[in-house]
Amino acid sequence: MLPILGREPASRVGDLTGPELASAAHRVARRLPPGSRVAISGSDETARLIHFLGADLAGCASLLVDPDWPDLDAVLDDARPEVFLDADAPLGEDLGTEAPVGDESTWFYLPTTSGSTGRPKVLARSRGSWLRSFAALGLPLKPADRVLIPGPLSSSLFLFGALHALNGGADLRLLGRWSASAAAEAARDATVVHLVPAQLSALLAVLEHDPLLRSQCALRLVVCGGSKVDPALQERLAEAVPGCRLVEYYGSAEMSLIAVRHDERLMPVVDVAVLDGRLLVRSDLAFDGYLERGELVPASSDWTGDQAVQHPDGALEILGRAGAVIDTGARLVAIEAVEAVLREVDGVLDVVVAATPHPRFGSLVTAVVEGDARLPDLRAHARGKLHPAERPRRWLSVDALPRTASGKPARAVIADRLSSGERL
């Protein structure tokens, strides 16, 4: 039995059958001190998953190392792992560890915040918080499903999708690193995919330009997290992959799932309240706290940091991060509102609105656009939809935005480069 999964998986992962995966995980578990903290590195995602499951069997809490973290040493200093595992290397000495170890309250995972707005923080998660999150998602999988995970397991969004698939008995396909073209190819036989909206946009762009791939796409279900799915993106999905269902969820590394949208409305799956426009959450899906230099610092607040509206039927409307504004010429501009408008323009795969320092106005509203949208079209759309103060004064076009492991735009990196004048 694999504790986080609750049973031996019946599904395949790549070329491995469920029993082969369980046997490999047990071999890892026998080589680990029970209850230790483990850092797992390596380039093979299937091997990293095996090591993660093996560590969980031994009651260990694992940090899946992302070599692209801007400050890896600081993350390791907070996590203070006692064991370092290279998933690409031969297994070490058999310690004879008996597995499984622990219960639902046992820490099994040390995720990090995305790092999109600064240095990643290390969190402590219990098995039970994720097992309950699987149920809260309300997404039963079919035995014939093949779930595509198109990004690295060091992102909690992709690890959640992978473990949810194994827990539900579906086959699993791991890409390891995001590529829109590779994801489109894999969608020939994948029926479910987990991703963020920017990746969905890029995947649809490939399908829209390749009629053969589009006709062969087997996706029946897209599971999208990380940020809000714009109506225009929903329409593109419906047109490119008719009959494909979209499930959108809102949550965070700290809180896990907060609300899920299966149909038209984003409905809470935990207790929520909106006070003075700020979202308050009380949940048994939440993390236990942050690790700072190896010590647990319990979460001190149930505030999410997001602004929201709760409608009479209980549905949530997430307005974005509190404080996500640009002060330009004594006017506050809401970043996410401007981004939502610009994503409506044909050719925009994604956009980040940020501030460029200016001696007179304080900051200039700057749009960094990924895709092949024409500048005249962007400006015309902004004139038609945005207040003059909200319209970007500076426009930058990039082939690809800097991103975190989960696929979210690396806003802190973009802001730093705009401030310093460094090339994006």
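A residue counts as buried when its relative accessible area is under 20%. In this predicted model, 51% of the 424 residues of the protein chain fall into that class. The accessible surface of the chain adds up to about 18,600 Å², and carbon and sulfur atoms own 49% of that surface.

As for the overall build, the protein chain contains 12 helices and 23 strands. Its radius of gyration is 22 Å, close to the 22 Å that the globule rule gives for 424 residues, so the chain is as compact as a globular protein of that length. Lined up along the principal axes, the C-alpha atoms of the chain fill a box of roughly 70 × 50 × 45 Å. Contacts also reach along the sequence: among those with a separation of 6 or more, 66% are between residues 24 or more positions apart.

Next come the aromatic rings. Two rings pair up if their centres lie within 6.5 Å, and planes over 60 degrees apart make the pair edge-to-face. On that basis, the model holds 9 aromatic pairs. Take Phe 52 and Phe 108: their ring centres are 5.8 Å apart and their planes stand at 80°, so this pair is edge-to-face. Phe 52 belongs to helix α2 (residues 45-57) and Phe 108 to strand β4 (residues 107-109), so the pair ties together parts that are 56 residues apart in sequence. Phe 52 has a relative accessible area of 0%, so it is buried. Phe 108, with 0% relative accessibility, counts as buried too.

Another edge-to-face pair is made by Phe 287 and Tyr 290, with 5.0 Å from centre to centre and 75° between the planes. Phe 287 has a relative accessibility of 10%, so this residue also counts as buried. Tyr 290 has a charged partner as well: the charged end of Lys 121 sits over the ring of Tyr 290, 5.1 Å from the ring centre.

Back at Phe 52 and Phe 108, these two residues are part of one aromatic cluster, together with Tyr 109, Trp 130, Phe 134 and Phe 160.

Finally, a look at one helix. In helix α10 (residues 335-342), the buried residues are Ile 335, Val 338, Glu 339, Val 341 and Leu 342. Around the axis, these residues cover an arc of only 160°, so they sit on the same side of α10.

Methods:
Residues numbered from 1 in each chain as written. Predicted model: local features only at pLDDT ≥ 70, side-chain atom pairs only at ≥ 80, totals over all residues. Heavy atoms only, no water. Phe/Tyr/Trp six-rings, centres within 6.5 Å; stacked < 30°, edge-to-face > 60°. Helix = DSSP H or I, 4+ residues; strand = E, 2+ residues; numbered from the N terminus. Buried < 20%, exposed > 50% of the residue type's maximum accessible area, 1.4 Å probe, protein only. Lys NZ or Arg CZ within 6 Å of the ring centre and 35° of its normal. Rg over C-alpha atoms; globule rule 2.2 N^0.38 Å. Contact = heavy atoms within 4.5 Å. Areas by Shrake-Rupley, 256 points an atom, 1.4 Å probe, with all protein chains shown as cover. Arc of directions from axis to C-beta.
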